[in-house]
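Let's take a walk through this structure together, starting from the inside and working outwards. Have the viewer open and follow along.

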Amino acid sequence: MSSVVVITSIIVILSVLVCYTFVTQTLALKEQQRERLMTALTAKVRNFKFMLNGFPVGFLPKDLLMLVQRSLIDIYEQLVDIDSGNTHHSQELQAISHQLNETQRQARHHQPVTMENPQQIKDAKACLDELHKFVYSLESKGVLNRSNAETYRAMIKQLVLQITVDSYLAQGRHAKGAGKTRLALHYFSLAHKLLGKEGRNNQQEKIFIQLAITIQELEAGLQLAEPGAALGHSASSANAETDAEWNKFKPEDIAWKKKQIYD
């Protein structure tokens, strides 16, 4: 065998090995990218389902509910595209598409859902927190314009107001029933101060007025039971606590704009 043939054979073998290594590495890289994408999409599915299932039926306004459902459809369409052999994705896609169709047929009128269970309120706040971050993510990517994003954020903020007031009212009623007048006054003052910070709908206006009457009655009763008792503490404490609660949803809070799992 001549040296030319040997050299040629070696070159061919090396070329094949180089090509094989390149193809193998490329396939491995694509598989890693696919796995990372699958992991990210699966996490998104978990978060969006948490949003849908974490709220009582009828709690989310129609527009917010459709936003979550459409986003979930988009995620499942991506999962079907990159993992076509998994029938679970296509089944879930059909199910959420059906839910969206049902939601579109619903009337836009939204009747507030009252919550009293502490765990339910905690879960709802966590869901709203995720939804708020998601809206900022959509805005930063240009999917939502500023006006639409602000509309969604206003809806979310109104829901936070609603469930926070529900929580204070439930705790106030419980304290009042247990004969803890000062504690009841504290919680009712929190609810009243919080409602006083924002625009109120008709139902909230009625609650706001009734709370003012209830607070006056409790203060009068407390003065009779404890002549000379200081009542200012409840008001100042209420201001501080409601400020802390509400500052979480200030539009300028950069924490909402940090990179999230939705990106």
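Start at Leu64 in this predicted model: leaving aside residues up to four places away in sequence, Leu64 touches Leu131, Tyr152, Met155, Ile156 and Leu159. If you display those side chains, you can use them as a way into the interior.

Leu64 and Leu131 also appear, with Phe55, Phe59 and Leu128, among the residues that have the most contacts inside the largest nonpolar core, a set of 40 residues. Which helices build this core? At least two of its residues come from each of H1 (3–54), H2 (62–82), H3 (87–105), H4 (118–140) and H5 (146–177). The biggest contribution is that of H2, with 10 residues. Apart from this core lies another one, made of 18 residues and including Leu169, Ala184, Leu194 and Leu218. As a general background, nonpolar side chains in soluble globular proteins tend to be buried together.

Now step back to the whole chain. How many helices and strands does the chain have? The count is 8 helices and 0 strands, so that reading along the sequence gives α-α-α-α-α-α-α-α. Of the 263 residues, 38% are buried. Take the contacts between residues at least 6 apart in sequence: 74% of them join residues at least 24 apart. On the outside, the chain exposes about 15200 Å², and 57% of that area is supplied by carbon and sulfur atoms.

Next, look at one helix pair. Two packed helices are described by the angle between their axes and the distance between the axes. For H5 and H6 (residues 181–197), the angle is about 160° and the axes are 7 Å apart. Because angles over 145 degrees count as roughly antiparallel, H5 is roughly antiparallel to H6. The crossing of H5 past H6 is left-handed. On the H5 side, the residues that meet H6 include Leu161, Val165, Tyr168, Leu169 and Gly172; their partners in H6 include Leu183, Ala184, Tyr187, Phe188 and Leu194. Leu169, Ala184 and Leu194 are already familiar as members of the 18-residue core.

Finish with a proline. Pro118 is placed in helix H4. Is Pro118 buried or exposed? Its relative accessible area is 63%, and exposed means over 50%, so Pro118 is exposed. Pro118 and Asp166 are 48 residues apart in sequence, yet their C-alpha atoms are 9.7 Å apart in space.

Note on methods:
Residues are numbered from 1 along each chain as its sequence is written. This is a predicted model: local features need pLDDT of at least 70, side-chain atom pairs count only at pLDDT 80 or more; totals for chains, interfaces and linings use all residues. Side-chain values use heavy atoms; hydrogens and water are left out. A nonpolar core is a set of buried Ala, Val, Leu, Ile, Met, Phe, Trp, Tyr and Cys residues joined through side-chain atoms within 4.5 Å. Buried means under 20% relative accessible area, exposed over 50%, partly exposed in between (1.4 Å probe, protein chains only). Helices (H or I, at least four residues) and strands (E, at least two) are DSSP runs, numbered from the N terminus. Contact means heavy atoms within 4.5 Å. Accessible areas come from the Shrake-Rupley method with a 1.4 Å probe; for residues, only the protein chains shown count as cover. Axes are lines fitted to C-alpha atoms, for helices over the stretch in contact, and angles run from 0 to 180 degrees between N-to-C directions. Angles under 35 degrees count as roughly parallel, over 145 as roughly antiparallel, 65 to 115 as roughly perpendicular and the rest as oblique. A crossing is left-handed if the near helix is turned anticlockwise from the far one by less than a right angle, and right-handed if clockwise.
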